[in-house]
Amino acid sequence: MNEAMIDIVVPVYNVEAYLRRCLDSILAQTYGCWRAICVDDGSTDESTAILEEFASRDSRFVIIRKPNGGLSDARNVGMEAATAEYLMFVDSDDFIHPQTLELAIGLARRDGSDIVSWYRDALYRNIQVKLLKLLGKDIRKAKPWNWNFRYDINNVDSLVTDDLIGHCSDWNHPDQDKVVKHCYVWRHLFRREAIADVKFIKGLKYEDIPWWSTVILKPLRATITRLPLYYYTPNLDSITKSTDYSVRVLHILHGLGTTFDNYTRDADRRSMHLWSHNIKWAILCGIAGRINVLASRPEAKSVTAKLAELDSGHFFDDALTKRELCAQKVFLSFLKNPSACATL
C-alpha cells in the first residue's frame, strides 16, 4: 500500500459499545489511502481487544498503548505519531460518512486549502437517535439516513477563504454565512504541518476551545462546507455527559482565560475582536443563562474564584452587544453574591 495521505487520530478509552461502529466507518471509506492511529488511553474494557482485532485484519489500523492521561494527552500522542500530509480526528464513540475522506482531500487539493470543514448530521443526532431511543431500538445498529447517499464534489456548496477567523462562531445562530460553527476538532481535515505545533492542554476538559482558537490565529486557507459527514452519538459516559456542570464550567473558563491571555499577547485588534465576540461571548452567554445551576453547587466558591481572577484581568470588559452586556452583569452579580443568583 502507498504511504498514507491522511492520518486519522482516534483516541480510545473504554468505548467498547461504540468502537466497532467507529472503526467500521473508517474501513468503509471510499478513499483508501489512510492510516488510523488508535491511541488506547489505558482502556480497561474490551476496547483493547477490539483494536487488536481490527489491526490484525488491516495494517492501516495502528495501535498506540499508553497509561490513561485523558483525551488531550491521547490526541497529542496521536498527533506526534502522525506523518501523513493530512490529519483529522474522529472520536471513538462517533463515526463518519463513507465519503468523508474522499470529499475532504478532494476539496483540499482543488482549493489549495490547509483546512477543510464539514459538520455533524443534525437529522441523525436530533431526530433519528431520539426516535430510535423512544422505540427502544439499539442506535448502534442503525444506519444514518444519508449513509448510502453519494455526494458529487462538483456540486458541494462551499466557501474558500484566507480569513478563517472571520468565519468562525460559537453562536447557535451566527450572523455570518458559511460559518465554522463551534470549536469541535473532529469536523476538519488539516494539512498536518500547518497545525503540528498546536498542542492540546493536558488534563483540560473541553480542550477543543483553546486548541481551535489557537489554530484560527494562523494564516490558513480554508474550505468551509455544511456537508453532514460526522455522526455524533450522545454517550452518557463521555466527558461531556459524565462531568458535573460546575466542573465543566470551570474547565471552560480556564480554557477561555488561557486563550484570552494568548490573544492579548499574540493577536491583532481585529482578531481579538472577532474571537471575543464570536467565540468567547457566545460561550459565556450560554453559561450566564444557567448561572442558577452554578450557584446551588458546592463548587460555587471555585467558580467565583475563577470569575474573580478573570475579572481582574479585564476578561469581561469588552462586552458590547445587549446579550454580552446582560451576561457581563450576571457574572458580576454572581461575584458579589452567588447565593442570590440561585433564584434567577
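This passage describes two helix pairs and one surface patch in a predicted model.

Two packed helices are described by the angle between their axes and the distance between the axes. The first pair considered here consists of helix α1, spanning residues 16-27, and helix α2, spanning residues 47-57. The axes of these two helices come within 9 Å and cross at roughly 20°. Angles under 35 degrees count as roughly parallel, and α1 is therefore roughly parallel to α2. The crossing of α1 and α2 is right-handed. On the α1 side, the contact is made by E16, L19, R20, L23, D24 and L27. On the α2 side, S47, I50, L51, E53, F54 and R57 take part.

The other pair consists of helix α12, which covers residues 300-312, and helix α13, which covers residues 322-336. Their axes also come within 9 Å, with a crossing angle of roughly 120°. This angle lies outside the range of 65 to 115 degrees for roughly perpendicular axes and is not over 145, the limit for roughly antiparallel ones, so α12 is oblique to α13. The crossing of α12 and α13 is left-handed. Helix α12 contributes A300, V303, T304, L307, A308 and D311 to the contact, while α13 contributes F331, L332, F334 and L335.

On the surface of the model, L123, I127 and W145 make a nonpolar patch of about 330 Å². Of these residues, I127 lies in helix α5, which runs over residues 122-134.

Notes: Residues numbered from 1 in each chain as written. Predicted model: local features only at pLDDT ≥ 70, side-chain atom pairs only at ≥ 80, totals over all residues. Heavy atoms only, no water. Patch = residues over 30% accessible without salt bridge, like charges linked within 9 Å, V, L, I, M, F, W, Y side chains within 5 Å. Areas by Shrake-Rupley, 256 points an atom, 1.4 Å probe, with all protein chains shown as cover. Salt bridge = Lys/Arg side-chain N within 4 Å of Asp/Glu carboxyl O. Helix = DSSP H or I, 4+ residues; strand = E, 2+ residues; numbered from the N terminus. Axes fitted to C-alpha atoms, helices over the stretch in contact; angles between N-to-C directions. Left-handed = near helix turned anticlockwise from the far one by under 90°. Contact = heavy atoms within 4.5 Å.
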